[in-house]
Amino acid sequence: AGRDMDTESMSVPLDNSEKSAKTNNDVYGGPARLKEGLRRQTILIYVADETGMINRVAGVFARRGYNIESLAVGLNIDKAIFTVVVIATNSDTEKLIKQINKLAKVRKVENVTDKQCVERGLMLIKVNASPADRTELIEMSRIFRASVVDVAATTLTMAITGDPGRNRAFQDVCTKFGIVQVARTGKLALKREPVFSESRRRRVKLMDAMKNAKAAVAGLDPGNSNGAYESAVASRIVRAVASMNEGSEGMLNIGDVYTSMSDDGVGVWDIPVLNASFGEAAEGAAGASNGDDIPKMDPNAKFTPHTISILVDNKPGVLDVITGVFARRGYNIQSLGVGPERTFDISRISTVVPGTYQDIQGLLKQILKVPYVISADDITKVPYVERELMLIKVVCPRTLRGELVDLCNIFRCKVADVSEDTVTIEVSGKVRKIVAIQSLLEPYGILEVARSGRVALPRDSGVDSNLLASIEDEAELDF
């Protein structure tokens with residue numbers, strides 16, 4: 001009888017979860033794990049801005065058969081941090097880092113996989129939303145601290161900022177409503193600071209000395225060099241006072257990332273306190289009639305930033321080929337965000353490139369010829385939602401923390417990390433907001449900045465402020 005019972009129990013058909021567990025050889029079922037030795041590696045690449053830089057970095061991975069899972073690139077004047085996530089072994093990652101270090105204009109490459117980091121990502125997600133489902137969707141967005149950025153007759157577009165697990169969980173709970181489009185930045189990462197650090201204390205003192213020296217030599221610039229001459233004089237004063245011309249202390253080490261200068265001349269790393277007037281504010285500066293006014297970008301200017309959205313199959317080397325199209329034609333990519341779309345076999349590349357309308361249309365035709373490209377659209381002329389994410393680490397002693405927290409509350413920012421004399425802040429929003437708060441944080445002393453680049457989705461509502469400013473009669477709008 002016992003033998004018959006065993007036979008009957010063995011003949012019971014397996015359900016789907018048990019079948020998948022047997023197939024994956026995993027008693028818990030679920031997705032297959034990475035093979036032994038493989039890890040998701042997070043690599044920070046600090047570079048000077050130069051046309052084709054993204055293409056060269058992406059080429060190092062493509063030539064060795066690695067598929068970049070996510071990439072975040074945002075510029076600060078002439079400096080940038082690339083945050084790259086790739087699946088590789090530790091030994092292969094060391095080889096990749098050696099190859100990237102050989103590239104011109106690469107300042108530093110660091111693998112932060114095993115280090116405590118502040119990790120953030122931004123996602124725009126457009127979801128089907130009937131009137132009956134909207135209350136549930138809005139309540140769910142409050143739970144995840146997401147914000148609704150566009151409402152149409154049948155869809156809602158929401159923006160969420162958080163660590164990769166939080167964004168993935170939010171996408172999963174949205175699937176039952178039906179996801180229309182997803183645009184996400186790559187993962188940003190900045191190292192968490194230890195509570196007490198003697199080397200950091202020294203860097204902070206050098207930064208204060210640099211600011212005082214620049215204030216002392218202000219007005220000595222013989223020509224219009226935008227402060228480069230004054231920065232060079234100030235840096236040499238600080239080097240001389242700090243006796244930094246000997247041995248291993250010969251470099252003026254201000255900040256983890258934007259360490260300054262070589263002994264011969266002024267380079268892109270010579271300005272330790274970053275200038276935030278990059279992007280829209282800088283582009284209109286030439287046309288300002290009054291130095292006290294904030295210039296506004298002319299939408300009819302010949303060269304304007306164009307936001308391009310590209311859908312591609314998630315294959316190794318696709319990013320290298322696409323960035324190569326830009327590099328061969330001399331376009332400098334201002335921002336780049338790469339991440340999975342609704343399904344992980346398709347990725348969306350969001351990029352901003354300056355150029356004329358005709359030039360961008362020709363560029364799109366070339367991109368569409370690239371294998372694995374599904375679609376490529378310039379959404380600059382249609383109403384669209386645009387967001388960017390920034391992690392910024394500033395010098396902040398205890399006496400100034402209250403003032404800094406008040407500033408964060410005004411801009412709806414979040415404090416992500418605090419040490420004895422530094423604070424790391426998470427900011428998300430439009431480009432003008434990012435530029436404005438970075439400018440206000442300059443007097444504190446900026447140690448590190450990581451920007452994600454802009455991501456965008458078309459507005460199903462069909463209207464935004466730029467459209468209203470460009471049409472003759474609002475009554476002609478057809479909703």
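Of the 479 residues in the chain, 48% count as buried. The model is a predicted one. Its accessible surface comes to about 24,000 Å², and carbon and sulfur atoms account for 51% of that area. The chain is built from 14 helices and 18 strands. Among contacts between residues at least 6 apart in sequence, 74% join residues at least 24 apart.

One such pairing of distant segments can be followed from L103. This residue lies in the loop between α4 (90-101) and β4 (106-111). L103 counts as buried because its relative accessible area is 17%, under the 20% limit for that class. Which residues does L103 contact, leaving aside its neighbours within four places in sequence? They are M53, R56, V57 and V60. For R56, the separation is 47 residues in sequence, while the C-alpha atoms of L103 and R56 are 7.7 Å apart in space.

The surface offers a contrast. R63, R64, K95, K98 and K102 gather there in a patch of positive charge. One of these, R64, is found in the loop between α3 (53-63) and β2 (68-76). Is R64 buried, partly exposed or exposed? With a relative accessible area of 37%, R64 is partly exposed, because this value falls between the 20% limit for buried residues and the 50% limit for exposed ones. R64 also passes the condition that patch members have over 30% relative accessible area.

Further along the chain is helix α10, residues 318-328. Its buried residues are V318, L319, I322, T323, G324, V325 and F326. The list includes a threonine, T323, and a glycine, G324, alongside residues such as L319 and F326. Another glycine, G330, follows α10 and has a positive phi, near 80°.

Strand β12 spans residues 346-355 and holds S347. Is S347 buried or exposed? S347 is buried, because its relative accessible area is 4% and the limit for buried residues is 20%. Residues up to four places away in sequence are not counted among the contacts of S347 given here. On one side of the list stand I310, L311, V312 and N314, and on the other G339, P340 and E341. S347 touches each of these residues.

Taken together, the two buried positions are L103 in a loop and S347 in a strand. R64, also in a loop, is partly exposed and belongs to the positive patch.

Note on methods
Residues are numbered from 1 along each chain as its sequence is written. This is a predicted model: local features need pLDDT of at least 70, side-chain atom pairs count only at pLDDT 80 or more; totals for chains, interfaces and linings use all residues. Side-chain values use heavy atoms; hydrogens and water are left out. Patches are made of residues with over 30% relative accessible area and no salt bridge: like charges are joined within 9 Å, nonpolar side chains (Val, Leu, Ile, Met, Phe, Trp, Tyr) within 5 Å. Accessible areas come from the Shrake-Rupley method with a 1.4 Å probe; for residues, only the protein chains shown count as cover. A salt bridge is a side-chain nitrogen of Lys or Arg within 4 Å of a carboxyl oxygen of Asp or Glu. Lys and Arg count as positive and Asp and Glu as negative; His and the chain ends are not counted. The place of a charge is taken as NZ of Lys, CZ of Arg, CG of Asp or CD of Glu. Helices (H or I, at least four residues) and strands (E, at least two) are DSSP runs, numbered from the N terminus. Buried means under 20% relative accessible area, exposed over 50%, partly exposed in between (1.4 Å probe, protein chains only). Contact means heavy atoms within 4.5 Å.
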